[in-house]
Amino acid sequence: MPDSDCKHAPGQFVPVVNRNRCEGKEPCVEVCPYDVFVIATLPTAERKNLSLIGKIKGYRHKWQQAFTPNADACQACGLCVAACPEKAITLRRA
């Protein structure tokens with residue numbers, strides 16, 4: 001159910017996931033009313049770009065992270081930003 005606090009049209013803002021922080025714990029998936037997020041495995045090719053801490057977190061969490069295949073549906077309600085325990089999500093103007 002869409003949140004009444006979402007005041008932006010879809011696609012004006014997109015969520016950005018900080019790969020060095022994300023631990024794939026899924027609260028963003030659970031709270032997003034627009035199904036923007038999925039949890040999937042970070043591709044091997046992208047792992048080399050992580051910091052040492054990011055690599056340690058990735059390994060510890062089996063490389064599971066949040067991805068935004070439906071980012072164009074985001075209405076910038078901020079629920080994902082508030083729900084992320086690692087503070088790994090920010091909203092950026094598209």
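# A tour of the predicted chain

Start with the whole protein chain: read along the sequence, its pattern is β-α-β-α-α-β-α-β. That gives four helices and four strands. Helices (H or I, at least four residues) and strands (E, at least two) are DSSP runs, numbered from the N terminus. This is a predicted model, where local features need pLDDT of at least 70, side-chain atom pairs count only at pLDDT 80 or more, and totals for chains, interfaces and linings use all residues. Residues are numbered from 1 along each chain as its sequence is written, and side-chain values use heavy atoms, with hydrogens and water left out.

## The whole chain

Keep everything selected. The C-alpha atoms fill a box of roughly 40 × 20 × 20 Å, taken along the principal axes. Buried residues make up 35% of the 94 residues. Buried means under 20% relative accessible area, exposed over 50%, and partly exposed in between (1.4 Å probe, protein chains only).

Turn on the surface. The protein chain exposes about 5700 Å², and carbon and sulfur atoms supply 54% of it. Accessible areas come from the Shrake-Rupley method with a 1.4 Å probe; for residues, only the protein chains shown count as cover.

Now show contacts, meaning heavy atoms within 4.5 Å. Among those between residues at least 6 apart in sequence, 80% join residues at least 24 apart.

Colour by charge. There are 13 positive and 9 negative side chains. The centres of the two sets lie 11 Å apart. Lys and Arg count as positive, Asp and Glu as negative; His and the chain ends are not counted. Each charge is placed at NZ of Lys, CZ of Arg, CG of Asp or CD of Glu.

## Stop 1: β1 and β4

Select residues 13-17. This is strand β1, mostly covered, with four of its five residues buried. Add residues 89-93, strand β4. The two strands run antiparallel, joined by five bridges. Two strands pair if DSSP finds at least two bridges between them. Pick out proline 15: leucine 91 in β4 stands opposite.

## Stop 2: alanine 66

Move to strand β3 (64-67) and select alanine 66, which is found there. Is alanine 66 buried or exposed? Alanine 66 is buried, because its relative accessible area is 2%. Glycine 24 is 42 residues away in sequence, yet its C-alpha is 5.5 Å from that of alanine 66. Show the contacts of alanine 66, leaving out residues up to four places away in sequence. They are Val17, Arg19, Cys22, Gly24, Cys28, Phe37, Val38 and Ile39.

## Stop 3: two positive phi angles

Most residues other than glycine have a negative phi. Two loop residues to select here have a positive one.

Go to glutamate 26, in the loop between β1 and α1 (27-31). Its phi is about 80°, although the residue is not a glycine. Glutamate 26 counts as partly exposed because its relative accessibility is 36%.

Next, alanine 76. Look in the loop between β3 and α4 (79-83). Here phi is about 60°, again at a residue that is not a glycine. Alanine 76 is buried, with a relative accessible area of 16%.

## Stop 4: α2, the loop and α3

Select α2 (44-47), α3 (52-60) and the loop between them.

Begin with arginine 47, in helix α2. Which label does arginine 47 get, buried or exposed? It counts as buried, because its relative accessibility is 18%. Leave aside neighbours within four places in sequence, and arginine 47 is in contact with Thr41, Leu42, Lys55 and Trp63. Draw a C-alpha distance from arginine 47 to tyrosine 59: 9.7 Å, with their positions 12 residues apart in sequence.

Step on to lysine 48, in the loop. Lysine 48 is exposed, with a relative accessible area of 63%. Glutamine 12 is 36 residues apart from lysine 48 along the chain, and their C-alpha atoms are separated by 31 Å.

Finish at leucine 52, in helix α3. Leucine 52 counts as exposed, because its relative accessibility is 63%. Isoleucine 89 is 37 residues apart from leucine 52 along the chain, and 19 Å separates the two C-alpha atoms.
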